[in-house]
Amino acid sequence: MSSPSNRDTSATLAYHEATKHSERSLRASRHFLDWENQPRAFKIYRDLEAIPLPQRFPDNELPALEAISPAVAAPAADGDGEQVPDLAALSRILYLSAGITKRKHYPGGETLFRAYPNTGGLHHIDLYLVAGDLPGLSAGVYHFGPHDFALRRLRDGDYRAALVEASGRSPDLVRSPVIIASVSTYWRNAWKYQARAYRHCFWDGGTLHANLLAVTGSDQFAPRLVMGFEDRAVERLLGLDPAKEGAIALVALGRSEREAPPAPAVPELRLATEPLSRTEIDFPAIRAQHAASSLEESAEAGTWRGNTPPRKDPAPTGSLHPLRPLAQSEVPRETLEAVIRRRGSTRAFDRARSLSFEELSTVLDRATRGVPSDFLDPPGTSLVDLYLIVHAVEGLAPGAYYYRRSERSLELLREGSFRREAGRLGLGQELPADAAVNVYSLANLSPLLARFGNRGYRAAQLEGGITGGRLYLAAYAQRFGASGLTFFDDEVTAFFSPHAAGKSVMFLVALGYPDRIALGLKT
Ligand SMILES: Cc1cc2nc3c(=O)[nH]c(=O)nc-3n(C[C@H](O)[C@H](O)[C@H](O)COP(=O)(O)O)c2cc1C
């Protein structure tokens with residue numbers, strides 16, 4: 001059965017159009033940042049006891065570049081062994097996905113940085129665990145609080161079956177000992193970005209999931225991302241306020257011998273939380289797009305997944321440049337944990353330093369190895385296409401390129417030095433003009449919306465964000481830098497057209513070596 005709202009895809013087209021950046025939209029905007037009313041970046045429950053997480057957790061020696069995109073694993077077949085994370089393993093997963101990795105003091109305050117990059121440093125994504133009995137943690141529904149690195153129990157008991165039911169019995173969830181749910185509290189981002197914040201749920205959720213999938217995949221918990229679920233059921237289980245918060249995705253981890261037992265009844269939760277700011281502004285366009293892309297019944301969730309629309313690259317018209325990623329013996333040995341702790345968005349790029357073609361190849365190779373998810377079937381398919389503006393890569397003429405995913409090759413679309421244009425496309429900022437390369441994720445929304453309804457938009461934005469998060473990790477693992485960026489939507493499509501005609505921009509990352517002098521790292 002199909003929900004009328006998810007099928008009426010005019011909603012997505014209207015939301016996307018209304019939240020595009022253009023010269024005109026920026027000029028017409030009277031939005032200003034009300035610093036007195038800035039929302040806090042944490043959800044603080046008033047009355048729940050903190051369950052501290054262990055601060056020490058196991059290491060994984062695998063080099064980050066090997067860990068970023070572990071092979072997409074099919075769900076384990078019946079009879080395979082158990083794979084159950086304990087509290088220390090969960091602690092590592094939560095820290096490296098969403099924990100506080102750095103603190104910078106300045107006169108009058110402190111800025112907290114997290115494991116994942118995110119728009120405006122506003123950190124509007126929270127993680128929840130829905131667990132059976134695990135070593136060190138009793139069955140329950142928990143919220144992860146990065147501010148004090150602790151869990152809080154929202155419900156006592158094994159509620160995993162409620163998620164299995166909400167997903168229309170997703171085969172990924174049925175044997176999972178623990179499921180991680182991600183949620184945006186819209187106001188925490190909309191304070192700055194207004195209605196565009198709904199896109200950021202999936203951008204920032206995406207970079208967070210890039211970390212989460214890398215950590216859990218390389219720790220052998222075979223993560224599977226699930227986006228097909230009845231929204232109301234998930235919101236109710238987690239005690240969310242549907243007017244203000246939306247669930248982004250579920251990640252099934254590990255494997256139990258037995259299926260989860262039937263869930264207890266799910267009474268409404270009314271848990272007091274600290275106000276985010278003095279007042280909150282409602283953005284009806286966010287609520288409307290979330291409702292339009294919601295699945296209303298578990299049966300609808302059951303038929304939502306799989307059958308990804310096939311995609312085919314048009315015949316090449318320009319020169320082809322097959323990737324030359326680093327050989328395994330050349331891969332830097334730094335671990336994923338060290339890279340995530342060290343990562344931070346590059347605030348100035350050095351125009352004088354090029355990337356090698358091997359460095360760029362390695363980044364692209366690691367970012368495009370497939371996302372284990374219920375909307376990408378067969379595994380390894382994709383909803384997004386990568387387009388690049390190359391400014392400074394040794395052995396590659398400056399110009400516009402298209403990444404031919406199945407052939408792992410860059411196709412030259414247009415040769416030329418486009419620093420000025422790239423700066424303009426990135427809202428006139430210096431970062432995209434000074435970087436060595438800009439990598440854009442674009443999606444052809446028509447077939448996606450036809451197959452997945454409005455929820456296909458969530459999936460494409462999320463895959464764009466995961467790809468962006470992986471680009472970041474692969475850049476830092478090779479000791480250069482990256483920054484996410486925002487953009488003038490239609491101008492990007494026009495720049496890459498006719499090849500990109502009809503496609504919509506989902507995400508942008510600039511890559512290059514940091515300008516150490518501008519950043520005060522060297523005189
Ligand atoms: C999707 C995305 C878009 C971003 N857009 C911009 C941008 O337009 N300009 C900018 O200077 N930084 C941008 N950033 C960088 C963020 O400001 C930065 O990630 C955030 O402040 C957190 O800092 P960290 O990445 O060092 O942890 C973006 C980051 C992401 C993930």
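In this predicted model, A131 of strand β4 has its bridge partner in β5, and that partner is G140. The two strands, β4 and β5 (residues 140-145), run antiparallel to each other and are held together by four bridges. On the other pairing, β4 (residues 125-131) meets β7 (residues 178-185), again in the antiparallel sense, this time over seven bridges. Two of the matched positions can be picked out by eye: I125 has S184 of β7 as its bridge partner, and L127 stands opposite S182 of β7.

How much of β4 is covered? Seven of its seven residues are buried. The side chains split into two sets, with I125, L127, L129 and A131 pointing one way and D126, Y128 and V130 pointing the other way. Both sets are buried. D126 is worth a stop here, since this residue of β4 carries an acidic side chain and has a relative accessible area of 5%. Buried means under 20%, so D126 counts as buried. The side chain of D126 has a partner in there: a polar contact of 2.8 Å joins it to the side chain of H143.

Stepping back from β4, the strands just described belong to an open sheet of seven strands. Reading across the sheet, the order is β1-β6-β5-β4-β7-β9-β8, and the pairing is antiparallel. The edges are taken by β1 (51-52) and β8 (224-226). Each of these two has a single partner strand, so one side of β1 and one side of β8 go without a neighbour in the sheet.

Another antiparallel pair is made by β2 (residues 100-106) and β3 (residues 109-114), which are joined by six bridges. These two strands form a hairpin with two residues between them. Y106 stands opposite G109 of β3. In the turn, G108 has a positive phi of about 90 degrees.

Turning to the helices, S97 is part of α5 (residues 87-98). Is S97 buried or exposed? With a relative accessible area of 0%, S97 is buried. The side chain of S97 reaches back to the backbone oxygen of I93, at 2.7 Å.

Helix α13 (residues 357-367) is another covered element: 10 of its 11 residues are buried, so the helix is largely enclosed by the rest of the structure. The buried set takes in F357, E359, L360, S361 and T362, and also V363, L364, D365, R366 and A367. Charged side chains are thus mixed in with the rest of this buried list, E359, D365 and R366 being among them.

A367 turns up again in the lining of the largest cavity. The structure holds one cavity of 30 Å³ or more, and about 60 Å³ of space lies in the largest one. Besides A367, the lining includes T368, G370, V371, L376, T381, S382 and R405, along with E463, I466, T467 and R470. Which helix gives the largest share of this lining? That is α17 (residues 455-477), with four residues. By class, the lining has four nonpolar, five polar and three charged residues.

The second largest pocket holds about 550 Å³ of space. Its lining is made by 22 residues, and G239, L240, D241, E245 and T273 lie nearest the centre. Helix α9 (residues 231-238) supplies the largest share of that lining, three residues. By class, the lining of this pocket has 12 charged residues, alongside seven nonpolar and three polar ones.

Finally, there is the ligand. Of the 19 residues around it, R343, S345, R347, Q429 and G484 come nearest. Several polar atoms lie within reach of it. An N or O atom in the side chain of S345 is 2.6 Å from an oxygen atom of the ligand. The backbone is involved as well: a backbone N or O atom of G484 lies 3.2 Å from a nitrogen atom of the ligand, and a polar backbone atom of T486 is 3.2 Å from an oxygen atom of the ligand.

Definitions and conventions
Residues are numbered from 1 along each chain as its sequence is written. This is a predicted model: local features need pLDDT of at least 70, side-chain atom pairs count only at pLDDT 80 or more; totals for chains, interfaces and linings use all residues. Side-chain values use heavy atoms; hydrogens and water are left out. On a 1 Å grid over the protein atoms alone, a cavity is a set of points where a 1.4 Å probe fits but cannot get out, and a pocket is an open set with protein on both sides within 12 Å along at least five of seven lines; lining residues have an atom within 4 Å of a point. Grid points are joined across faces, edges and corners, and a volume is the space filled by probe spheres set on the points. Buried means under 20% relative accessible area, exposed over 50%, partly exposed in between (1.4 Å probe, protein chains only). Two strands pair if DSSP finds at least two bridges between them. A residue is near a molecule or strand if one of its heavy atoms lies within 4 Å of it. A polar contact is a pair of N or O atoms within 3.5 Å; within protein, one must be able to donate a hydrogen and the other to accept it, and residues adjacent in sequence count only if both atoms are side-chain atoms.
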